[in-house]
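Hi,

Here is the structure I said I would pass on. Have a look at it first, and then read on for what turned up.

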Amino acid sequence: MAMQLQFPYGGVRLRVSQPAHLSRRLTPFATLSPPRADDGVDWVKATSTFFQKDTRPIMLFDGVCNLCNGGVKFVRDNDRNRRIRFEALQSEAGKNLLRRSGRAPDDISSVVLVEKDRSYIKSEAVLKIMEYIDLPFPQLAFFLHFVPLFARDFMYDNVANNRYTIFGRSESCEL
């Protein structure tokens, strides 16, 4: 995917291309994955215990990213009813939930929100998380849905791809 903006009277030219190694794995949102041919495991069934006693969704995040850890703290502070659970992408549970969502177990490129019947990635995950937390965030999420998905994910990808450079990283997960 390449995008180029040119202005008619000279000015700024912006060219954005997605690295080839990411293009086959990134999708606007993820649904529950069928069993993968390469491992033969039904990850929906294998991870169903995560939702047997507790049906709250699980937010998967990069446990060593300072921005991601700040996001988890923000969600926890604004989720008085504790409607969301948290798990680091790097943990075994996180890797299994990534597989359940149809993602590679080592893919830490996006926050993922895993519900019992569906998973969300990138900006869709952020907006869905906003719907679960306290006011005014559900209303803000409603209005942000009017921004086209490609534009939201473009902004998300730019921040995500530079998160370590801008915000740094920690040695271990803070949760």
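One term before the rest: a residue is called buried when its relative accessible area is under 20%. With that cut-off, the buried residues of α4 are A93, G94, N96, L97, L98, R99 and R100. That is seven of the nine residues in the helix, which spans 92-100, so α4 is mostly covered. Its buried residues pack against α2, β4 (85-88) and two further strands, β3 and β5. After α4 comes G102, with a positive phi near 80°.

Do keep in mind that this is a predicted model.

Now the overall picture. The protein has 175 residues, and 39% of them count as buried. It contains eight helices and six strands, and reading from the N terminus the order is β-β-α-α-β-α-β-α-β-β-α-α-α-α. Among contacts with a separation of 6 or more, 64% are between residues 24 or more positions apart. The exposed surface comes to about 10500 Å², with 58% of it from carbon and sulfur atoms.

The pocket is probably what you'll want to open next. The largest one holds about 720 Å³ of space. It is lined by 29 residues, and L67, V111, V126, Y156 and V159 are the closest to its centre. By type, the lining splits into 22 nonpolar, four polar and three charged residues. Which elements each supply at least two residues of that lining? They are the strand β3 (58-61) and the helices α3 (66-77), α5 (122-132), α6 (137-144) and α7 (149-161).

On to the cores. The largest nonpolar core has 20 residues, and M59, V75, I84, V111, L113 and I129 have the most contacts inside it. β3, α3, α5, α6 and α7 each put in at least two residues, with α5 giving the largest share, at four. A second, separate core has nine residues, including L60, L97, V112 and V114.

L113 is a good place to start looking around the larger core. Leaving out residues up to four places away in sequence, L113 touches P57, I58 and M59, then R118, S119 and Y120, and also A125, K128, I129 and Y132.

Why is α5 described as largely enclosed by the rest of the structure? Because eight of its 11 residues are buried. Those eight are K122, S123, E124, A125, L127, K128, I129 and M130, so don't expect a purely nonpolar list: by residue type K122, E124 and K128 count as charged. The buried residues of α5 pack against three strands, β3, β5 (112-114) and β6 (119-121), and against the helices α3, α6 and α7.

Two single residues are worth a click as well. R152 sits in helix α7 and has a relative accessible area of 7%, so this arginine is buried. Beyond residues up to four places away in sequence, R152 touches S123, E124 and L127, along with L144, H145 and V147.

T55 is in the loop between α2 (43-46) and β3. Buried or exposed? T55 counts as exposed, because its relative accessibility is 56%. In sequence T55 and K116 are 61 residues apart, while in space their C-alpha atoms are 6.7 Å apart.

That's the tour. Shout if anything looks odd on your side.

Cheers

Key:
Residues are numbered from 1 along each chain as its sequence is written. This is a predicted model: local features need pLDDT of at least 70, side-chain atom pairs count only at pLDDT 80 or more; totals for chains, interfaces and linings use all residues. Side-chain values use heavy atoms; hydrogens and water are left out. Buried means under 20% relative accessible area, exposed over 50%, partly exposed in between (1.4 Å probe, protein chains only). Contact means heavy atoms within 4.5 Å. Accessible areas come from the Shrake-Rupley method with a 1.4 Å probe; for residues, only the protein chains shown count as cover. On a 1 Å grid over the protein atoms alone, a cavity is a set of points where a 1.4 Å probe fits but cannot get out, and a pocket is an open set with protein on both sides within 12 Å along at least five of seven lines; lining residues have an atom within 4 Å of a point. Grid points are joined across faces, edges and corners, and a volume is the space filled by probe spheres set on the points. A nonpolar core is a set of buried Ala, Val, Leu, Ile, Met, Phe, Trp, Tyr and Cys residues joined through side-chain atoms within 4.5 Å.
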